[in-house]
Amino acid sequence: MISLQNVTKTYKNGVTALESVSIEIEKGEFVFVVGPSGSGKSTTLRLLLREEEPSAGEVFVAGKNVVRLSSLGGIPKLRRNIGCVFQDFKLLQDKTVFENVSFALEVIGKPKHVIDARVPEILDYVGLGEKLNNYPDELSGGEQQRVSIARACVNRPLVLLADEPTGNLDPNTSVDIMRLLDKVNKIGTTVVMATHDQAIVDAMRKRVIELDRGKVVRDQSRGVYS
Amino acid sequence: MRRIEFYFRETAAGIRRNGIMAFAAMSTAFIALFLFGLALIIAREINLVIEAVTGNVQVAVYLSDPVRPETVTRLQTELQQLPAVASVEYENKDEACARAKKLFESNPAITENVPCEVYPASFRVTLADTSQYGQITARLACEPDPTTHDITCSEPGVLKVLDFRDILDRLSAITRVLRNGVLFIAVIMLVSATVLVANTLRMGMFARRKEIGIMRLVGATNWRIRVPFLIEGLVEALVGAALAIITLFLVKVFVVDQLRGRIVWLPLIRNGDVLAITPWILIAAAGVAIVAGTIGIRRFLDV
């Protein structure tokens with residue numbers, strides 16, 4: 001599903017974020033990417049989204065070489081197959097829960113009947129079936145992250161990328177969010193989660209890829225944080 | 001259908017959110033397009049004056065009554081053969097009368113009291129080389145009368161020659177100065193309108209950078225993101241154009257129409273003349289929108 005082959009990423013300012021990194025992730029896997037700040041976690045996710053291009057090496061997502069995609073059609077198509085969840089939720093404050101999720105379908109041109117069917121379904125799936133018409137500031141952090149997960153999953157992506165999804169949440173809420181991500185993974189979505197959260201990584205016992213200064217220093221199935 | 005609805009809802013939301021900037025952009029576009037239209041109307045008005053005064057010819061050779069057909073044929077051929085002459089058109093007495101009636105249509109006192117026989121037949125000459133005007137007077141043996149300054153001729157059948165070159169030169173100079181002056185201001189205003197519209201779009205994109213970020217993230221195409229902003233720019237420019245066209249009609253009604261009939265010989269623009277320049281205003285507005293769109297949305301779009 002995801003394949004990085006000898007990927008090096010050097011930014012314009014000369015900082016090398018990744019150095020000759022090779023990672024293979026199969027369809028349906030759940031992978032933690034861990035490491036200290038600046039180790040290259042976020043760069044890895046940005047490469048998969050084709051927000052950055054690798055300086056050297058190849059990046060494949062769902063069989064496609066992302067470097068070759070055009071910004072006219074290829075990159076948007078790639079991103080429709082990738083859901084994204086962030087530490088700061090990135091919800092639109094002037095839209096309701098329903099509208100935040102439907103927005104993701106609307107802007108890729110999905111017809112109204114699809115939106116009306118899928119949005120309540122996915123919000124029910126993440127446990128917010130009762131809060132369709134609330135605004136983000138009326139929700140707790142955990143609930144906001146659920147909305148963001150619903151938005152990431154409403155178009156049924158092949159891959160879910162999560163960048164510190166529990167970074168702003170208390171431990172109990174974090175556990176709930178992890179249960180939800182696990183549930184999303186169980187229906188076949190490949191989940192890649194960058195995190196600092198040791199307790200969660202240790203509790204989940206999933207595959208762990210550890211980066212340090214742009215290199216893979218550990219790749220362990222059913223691993224722990226360190 | 002749904003896509004169009006999406007675009008227009010986003011556009012309306014954008015203009016609302018960006019109210020003051022959108023207003024500034026629209027009013028600048030309005031003033032710019034109004035001046036642009038005014039320049040075109042001034043040029044049109046002066047062309048009307050030129051046509052009325054000279055009939056769009058440079059030299060008129062009036063024939064004395066009674067006009068004989070063989071004289072007409074002979075003189076026309078001879079004038080035509082002069083190297084300085086580009087074309088010679090014959091206007092008979094009826095045609096001269098009709099043209100005068102049209103010229104003075106707002107002044108019935110003249111058209112009713114002057115009988116058609118008074119208007120002389122003439123050759124209306126366009127010169128290929130205006131400096132060689134002397135060839136005509138020489139051929140027809142004409143000389144300026146020292147007292148009346150009329151140019152009378154000894155060639156049989158020719159009454160006199162009227163030289164419009166000077167007045168044509170002056171009128172075209174006035175046209176050029178007025179039209180170019182107003183056009184110059186209009187161009188400056190059009191540039192500021194373009195920059196203002198572009199800036200409005202850019203501020204709109206900045207205000208909505210979070211939404212745009214999410215749109216890119218979930219795989220919206222560039223065009224899906226851009227089009228609402230392009231429509232917003234187009235709407236602002238077209239609102240300016242509509243206001244400019246309305247104001248030009250108001251100028252015609254409250255300024256031009258007040259003058260109508262006061263100056264007998266002066267032909268004035270009509271509604272049709274204002275109507276005829278509206279396509280140019282709309283084209284200029286579209287130009288503003290396209291340029292503003294291109295420079296305004298260039299940022300924020302690198303995927």
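A surface patch here is made of residues with over 30% relative accessible area and no salt bridge, with nonpolar side chains joined within 5 Å. With that in hand, welcome to a quick tour of this predicted model. Chain B carries a nonpolar surface patch, and the structure also holds three cavities of 30 Å³ or more.

**The nonpolar patch**
- Eight names make up the patch: B:Val239, B:Leu243, B:Ile246, B:Leu250, B:Val253, B:Phe254, B:Val255 and B:Leu259.
- Together these residues offer about 660 Å² of accessible area.
- One of them, B:Leu243, sits in helix α9 of chain B, which covers residues 222-259.
- B:Leu243 counts as partly exposed because its relative accessibility is 38%, and partly exposed lies between the cut-offs of 20% and 50%.

**The largest cavity**
- Its volume is about 150 Å³.
- The lining has 15 residues, and those nearest the centre are A:Ile82, A:Gly83, A:Arg151, A:Ala152 and B:Val218.
- Both chains contribute: α2 (74-80), β6 (82-86) and α5 (141-153) of chain A, along with α8 (209-217) of chain B, each give at least two lining residues.
- By character, the lining of the largest cavity splits into nine nonpolar, three polar and three charged residues.

**The second largest cavity**
- This cavity has a volume of about 50 Å³.
- From chain A, A:Phe103 helps line the second largest cavity, while chain B brings B:Glu10, B:Arg208, B:Glu211, B:Ile212, B:Met215, B:Ile225, B:Pro228 and B:Phe229.
- Helices α8 and α9 of chain B each supply at least two of the lining residues.
- Six residues in the lining of the second largest cavity are nonpolar and three are charged, with no polar ones.

Conventions:
Residues are numbered from 1 along each chain as its sequence is written. Chains are lettered from A and ligands numbered from 1 in the order in which they are written. This is a predicted model: local features need pLDDT of at least 70, side-chain atom pairs count only at pLDDT 80 or more; totals for chains, interfaces and linings use all residues. Side-chain values use heavy atoms; hydrogens and water are left out. Patches are made of residues with over 30% relative accessible area and no salt bridge: like charges are joined within 9 Å, nonpolar side chains (Val, Leu, Ile, Met, Phe, Trp, Tyr) within 5 Å. Accessible areas come from the Shrake-Rupley method with a 1.4 Å probe; for residues, only the protein chains shown count as cover. A salt bridge is a side-chain nitrogen of Lys or Arg within 4 Å of a carboxyl oxygen of Asp or Glu. Helices (H or I, at least four residues) and strands (E, at least two) are DSSP runs, numbered from the N terminus. Buried means under 20% relative accessible area, exposed over 50%, partly exposed in between (1.4 Å probe, protein chains only). On a 1 Å grid over the protein atoms alone, a cavity is a set of points where a 1.4 Å probe fits but cannot get out, and a pocket is an open set with protein on both sides within 12 Å along at least five of seven lines; lining residues have an atom within 4 Å of a point. Grid points are joined across faces, edges and corners, and a volume is the space filled by probe spheres set on the points. Ala, Val, Leu, Ile, Met, Phe, Trp, Tyr, Cys and Pro count as nonpolar, Asp, Glu, Lys and Arg as charged, and the others, Gly among them, as polar.
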